Amino acid sequence: MEETGPRLLVVDDEPNIVDMLRMALRFHGFDVVTARSGRQAMAAVAARRPDLLVLDIMLPDGDGLELCRQWREQGVDVPVVFLTARDRHTDKIAGLTYGGDDYVTKPFSIDELVARIRAVLRRTRREPPAACTPALTFADVRLDEDTHGVTRAGQPVELAPTEFKLLRYLMTNPNKVLSREQILDAVWSEDYRGGTTVVDQYVSYLRRKLAPYGPPLIHTQRGFGYALREDIPPVRQSDTGEA
């Protein structure tokens, strides 16, 4: 059976938020289930036993703060990260008072939310140290999720945050042709309103930084997109010993 990371229950009544979080958090290695109301959340906590909840405060059938308070009274100790548009200091204090472990306000960045989730999981000992994200490798490229370090042929490669995300996405989908739209959805935030030409620009940047240490690895598939692929040179007759 394929191993998955910690299970997260995302509770929010906005379909676009739920879909975006499901895709983004799965990309970061989490097992994600969702609910869009307090009632669905109560059932999912009992049935799916999540390791952490990402809980909106404003739900169509109640208040996330009250829902958290009920869980705590019932002895349910699953960690809760509140995700809400309420950004007043008093709201944050209320979230922690009602039993929440952290409080993230909308709009938010996925990187910040993932960092907060992992910090809460470490504090509550639901993500053991041994379960840290392993390094990704392809050919002679090594990408370390924990340190955000990248090497090629043993040499450090300095990447900007977006370049790092792009390389990580390519390395998690090796030998696959990925369309510009797929790359844009995975690497850039939902708030980005530009076209797919930004993908071409960042592929160019990434190629340039990897180029000094070895042959090209990011290949253009005309009319489709890009693929991370290690091309093997054809064998010449002289290499086979044939006349």
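Here are some exercises on this predicted model, each with a worked solution.

**Exercise 1. Get your bearings.** Find how many helices and strands the protein has, and what share of its residues is buried.

*Solution.* Start with the secondary structure: it comes to nine helices and 14 strands. Next, look at burial: of the 243 residues in the protein, 40% are buried. Then check how far contacts reach along the chain. Take the contacts between residues at least 6 apart in sequence, and 56% of them join residues at least 24 apart.

**Exercise 2. Check the confidence.** Work out which element has the lowest mean pLDDT and which has the highest.

*Solution.* Begin with the overall picture: the average pLDDT of the protein is 83, and 82% of the residues score at least 70. Now go element by element. Helix H9, residues 237-240, comes out lowest with a mean of 46, while strand E14, residues 225-228, comes out highest with 95. Over residues 237-243 the pLDDT is below 50, and this stretch has three contacts in the model beyond near neighbours in sequence. Residues 126-131 also call for care: pLDDT stays under 50 there, and the model has 10 contacts for them beyond four places in sequence.

**Exercise 3. Describe a helix pair.** Say how H2 and H3 are packed: what is the angle, and how far apart are the axes?

*Solution.* First find the helices: H2 covers residues 38-48 and H3 covers residues 64-73. Their axes are 11 Å apart and make an angle of about 30°. Angles under 35 degrees count as roughly parallel, so that is the label for H2 and H3. Their crossing is right-handed. Now see who does the touching: H2 brings Gly-38, Ala-41, Met-42 and Val-45, and H3 brings Leu-67, Gln-70 and Trp-71. Sort these residues by class and you get five nonpolar, two polar and no charged.

**Exercise 4. Look at H6 and its partner H8.** Decide whether helix H6 is mostly covered or mostly open, then describe how H6 packs with H8.

*Solution.* Step one is burial. Eight of the 11 residues of H6 (residues 161-171) are buried, which makes the helix mostly covered. The buried ones are Glu-163, Phe-164, Leu-166, Leu-167, Arg-168, Tyr-169, Leu-170 and Met-171.

Step two is geometry. H6 and H8 (residues 197-210) have axes 10 Å apart, at an angle of about 85°. The two helices are therefore roughly perpendicular. On the H6 side, the contact uses Thr-162, Glu-163, Leu-166, Leu-167 and Leu-170; on the H8 side, it uses Tyr-202, Val-203, Tyr-205, Leu-206, Lys-209 and Leu-210. By class, that gives eight nonpolar, one polar and two charged residues.

**Exercise 5. Add H7.** Find out which residues of H7 meet which residues of H8, and at what angle the two helices pack.

*Solution.* H7 spans residues 180-187, and its axis lies 9 Å from that of H8, with an angle of about 80°. That makes the pair roughly perpendicular. Arg-180, Ile-183 and Leu-184 of H7 meet Val-198, Val-199 and Asp-200 of H8. Here the class count is four nonpolar, no polar and two charged.

**Exercise 6. Visit some loop residues.** For His-28, Glu-230, Arg-49 and Ala-153, say whether each is buried, partly exposed or exposed.

*Solution.* Take them one at a time. You'll need the cut-offs: under 20% relative accessible area is buried, over 50% is exposed, and partly exposed is in between.

- His-28 sits in the loop between H1 and E2. Its relative accessible area is 13%, so it is buried. Leaving out residues up to four places away in sequence, it touches Ile-110, Asp-111, Val-114, Arg-118 and Arg-168.
- Glu-230 lies in the loop between E14 and H9. At 48% relative accessibility, it is partly exposed. Its C-alpha atom is 8.5 Å from that of Phe-138, although the two are 92 residues apart along the chain.
- Arg-49 is in the loop between H2 and E3. With 69% relative accessibility, it is exposed. It isn't a glycine, yet its phi is positive, about 50°.
- Ala-153 belongs to the loop between E10 and E11. Its 43% makes it partly exposed. Its phi is positive too, near 55°.

Key
Residues are numbered from 1 along each chain as its sequence is written. This is a predicted model: local features need pLDDT of at least 70, side-chain atom pairs count only at pLDDT 80 or more; totals for chains, interfaces and linings use all residues. Side-chain values use heavy atoms; hydrogens and water are left out. pLDDT is the predictor's confidence in each residue, from 0 to 100. Helices (H or I, at least four residues) and strands (E, at least two) are DSSP runs, numbered from the N terminus. Contact means heavy atoms within 4.5 Å. Axes are lines fitted to C-alpha atoms, for helices over the stretch in contact, and angles run from 0 to 180 degrees between N-to-C directions. Angles under 35 degrees count as roughly parallel, over 145 as roughly antiparallel, 65 to 115 as roughly perpendicular and the rest as oblique. A crossing is left-handed if the near helix is turned anticlockwise from the far one by less than a right angle, and right-handed if clockwise. Ala, Val, Leu, Ile, Met, Phe, Trp, Tyr, Cys and Pro count as nonpolar, Asp, Glu, Lys and Arg as charged, and the others, Gly among them, as polar. Buried means under 20% relative accessible area, exposed over 50%, partly exposed in between (1.4 Å probe, protein chains only).
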